[in-house]
Amino acid sequence: MAILKNLEVLRLGHPGVEAVAYLDLGSGTVLGKTSAINQPQEEFDALSATASGLIGGATGETDEAVRLGPMDALIIRRSPVSPSEAVCVVCAPDADVLSVLNHVTAALDANG
C-alpha cells in the first residue's frame, strides 16, 4: 500500500509523531501502522476503537478529529476515497497539530 509508505514518511518527518495507524473504522481493524517503538497490537486495537469513537465510526459525519491530552495528542482524518478508513496519528501534546493534519490529508489524497 502506498499509503503506508506515506505514513512512514509522515512519522519520520515530524518531530513528536510517535505512531501512525491506518484504520478500517467499520471492522476496527488496523490495516497498517508505523511506530517509533515496538508497541503491542493491543495498543493499536485500543487506538482504533478510540479513533472510531472520536470520528463517529465508519458512517460518522465528521471527517477529522483532534483530542489533546496532557500526555499525547490524537489526530484522526477520514479517507476522502474510502470513508470507512481513517488515519490516526499519536504525537506529543506540543506537536504542530495543524502541520501533521495537513500532511495526513496530503498522504490520503496521494493514495486516492
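At 16% relative accessibility, S52 counts as buried in this predicted model, because the cut-off for burial is under 20% relative accessible area. The residue belongs to helix α2. Leaving out residues up to four places away in sequence, S52 touches L25 and G57.

Helix α2 covers residues 41-55, and Q41 is also found in it. Q41 is partly exposed, with a relative accessible area of 32%; this value lies in between the limits of under 20% for buried and over 50% for exposed, and therefore Q41 falls into the intermediate class. When its neighbours within four places in sequence are set aside, Q41 is in contact with V30 and K33. A further position that may be located relative to Q41 is G28: the two are 13 residues apart in sequence, and their C-alpha atoms are 12 Å apart in space.

The overall architecture places this helix in context. The chain contains three helices and five strands. Read from the N terminus on, its elements follow the order α-β-β-α-β-β-β-α. The radius of gyration of the chain is 12 Å, close to the 13 Å that the globule rule gives for 112 residues, so the chain is as compact as a globular protein of that length. Along its principal axes, the C-alpha trace spans about 30 × 25 × 25 Å.

The strands may be approached through β5, which comprises residues 85-91 and is mostly covered, with seven of its seven residues buried. In a regular strand the side chains alternate between the two faces of the sheet. In β5 both faces are covered: E85, V87, V89 and C91 are buried on one side, and A86, C88 and V90 are buried on the other.

Strand β5 pairs with two other strands. Seven bridges join it to β1, residues 17-24, and these two strands run antiparallel. Within this pairing, A21 stands opposite C88 of β5. Strand β4, residues 73-78, is likewise antiparallel to β5 and is joined to it by six bridges. Here R77 has V87 as its bridge partner in β5. The connection from β4 to β5 is a hairpin that passes through six residues.

Helix α3 spans residues 97-111 and includes D109. D109 is partly exposed, with a relative accessible area of 49%; because exposed means over 50%, D109 does not count as exposed. In sequence, D109 and I3 are 106 residues apart, yet the distance between their C-alpha atoms is 9.4 Å.

The wider contact pattern can be described for the chain as a whole. Among contacts with a separation of 6 or more, 48% are accounted for by residues 24 or more positions apart. Of the 112 residues of the chain, 42% count as buried.

The surface and the charges complete the description. The chain exposes about 5,700 Å², and carbon and sulfur atoms supply 54% of that area. Its side chains include 6 positive and 14 negative ones, and the centres of the two sets lie 4 Å apart.

Technical notes
Residues numbered from 1 in each chain as written. Predicted model: local features only at pLDDT ≥ 70, side-chain atom pairs only at ≥ 80, totals over all residues. Heavy atoms only, no water. Buried < 20%, exposed > 50% of the residue type's maximum accessible area, 1.4 Å probe, protein only. Helix = DSSP H or I, 4+ residues; strand = E, 2+ residues; numbered from the N terminus. Pairing = 2+ DSSP bridges. Contact = heavy atoms within 4.5 Å. Rg over C-alpha atoms; globule rule 2.2 N^0.38 Å. Areas by Shrake-Rupley, 256 points an atom, 1.4 Å probe, with all protein chains shown as cover. Lys, Arg positive; Asp, Glu negative; His and termini not counted. Charge placed at Lys NZ, Arg CZ, Asp CG, Glu CD.
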